[in-house]
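Please open the model in your viewer and keep the selection panel at hand. The stops below go from one selection to the next, with a note on what is there.

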There are 2 protein chains.
Amino acid sequence: MIAGEIRLKPIGLVRTEVRDEEVRHREGISQLIFDECLTSALEGLEGFSHLFVLYWMHRVKEEDKVLKARPRERLDMPLLGVLATRSPHRPNPIGLTVVQLLERKANVLWVRGLDAFNGTPIIDIKPYDSWDMRPDARMPEWWLRLEAERSKPV
Amino acid sequence: MIAGEIRLKPIGLVRTEVRDEEVRHREGISQLIFDECLTSALEGLEGFSHLFVLYWMHRVKEEDKVLKARPRERLDMPLLGVLATRSPHRPNPIGLTVVQLLERKANVLWVRGLDAFNGTPIIDIKPYDSWDMRPDARMPEWWLRLEAERSKPV
């Protein structure tokens, strides 16, 4: 049904000292290092407190992609379509995370809360605005259950 | 600095009767028609009320891409880096919009609020969750000014 192939180029890279195993906690600070020719394209971003980072989950292998999976591969979770989750094992492994913008110096941004590994290619960023806030959004039971566990002190 | 090319395939297409000139108002209903082989990958999405649509703004031509621009090309707006805006004229013309999920039937979703033209390729969707809500996010003066005008009755 759907023909065509889309080609894009990384516009920057993630640099972080957060270890792979810790990245998903979204607590660390990352640098977003952009191609120097894009420095002027970042001007004015400081007016926003938050931004979306779109990145390419480059470690996902073709054979890892699935149509259905259980969240965190847990047997007490429902079997879901992968597009109904934020799993990286999706048809186009694009990551999307809202982060807090801490600082910009020329072609480098410092952000808090990114769950991308060190070395991840960045494909786009977008300022976060009121249209992205949906306080009335509803999540399913399984999502709320996973999140409640996450918030518990260890 | 940044090498490599990323290739991705559309996973579906936008179908809408909203005319091109009206799309940006985000008021209409769109169908997201996915490749039939991805039907099972959509299962469970109904548990979420909202989702992100990532789409490829296929009408943006290479020569339309800019580093800096004024929002809506208005002279009373500041000259900003294109990555500090949601302009389509960015290095990788990926669109990102939060929409309300109205219904799913097999490989078709009905959503409200998408600002993509009829025929736009979809590259990913993601369920919207609490981590995407940032009610404390701050926007710059120019953004608030544009938005205030938008809300005014005509």
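A residue is called buried here when its relative accessible area is under 20%. The model is a predicted one, and a first selection is B:Phe52, which at a relative accessible area of 1% is therefore buried.

Add B:Tyr128, likewise buried, at 0% relative accessibility. The ring centres of B:Phe52 and B:Tyr128 lie 5.3 Å apart with the planes at 45°, so this pair is tilted. Because B:Phe52 belongs to strand 4 of chain B and B:Tyr128 to the loop between strand 9 (121–127) and helix 1 of that chain, the pair ties together parts 76 residues apart in sequence. Extend the selection to A:Phe52 and A:Tyr128, and the four residues form one aromatic cluster.

Next, display the largest nonpolar core, which has 38 residues; among those with the most contacts inside it are A:Phe52, B:Phe52 and B:Leu54. Centre on B:Leu54 and, setting aside neighbours within four places in sequence, look for its contacts, including A:Leu54, A:Ile94 and A:Leu96 in chain A, and B:Ile122 and B:Ile123 in chain B.

Over all chains there are five aromatic pairs. For one of them, select A:Trp142 and B:Phe48, whose ring centres are 5.9 Å apart and whose planes stand at 75°, so the pair is edge-to-face. This pair crosses between chains, from helix 1 of chain A to the loop between strand 3 (29–34) and strand 4 of chain B, and both residues are buried.

Finally, select A:Arg26, whose charged end sits over the ring of B:Trp131, 4.4 Å from its centre, and then A:Arg59, which lies over the face of A:Phe117 at 4.0 Å from the ring centre.

Definitions and conventions
Residues numbered from 1 in each chain as written. Chains lettered and ligands numbered in written order. Predicted model: local features only at pLDDT ≥ 70, side-chain atom pairs only at ≥ 80, totals over all residues. Heavy atoms only, no water. Core = buried A, V, L, I, M, F, W, Y, C linked by side-chain atoms within 4.5 Å. Buried < 20%, exposed > 50% of the residue type's maximum accessible area, 1.4 Å probe, protein only. Contact = heavy atoms within 4.5 Å. Phe/Tyr/Trp six-rings, centres within 6.5 Å; stacked < 30°, edge-to-face > 60°. Helix = DSSP H or I, 4+ residues; strand = E, 2+ residues; numbered from the N terminus. Lys NZ or Arg CZ within 6 Å of the ring centre and 35° of its normal.
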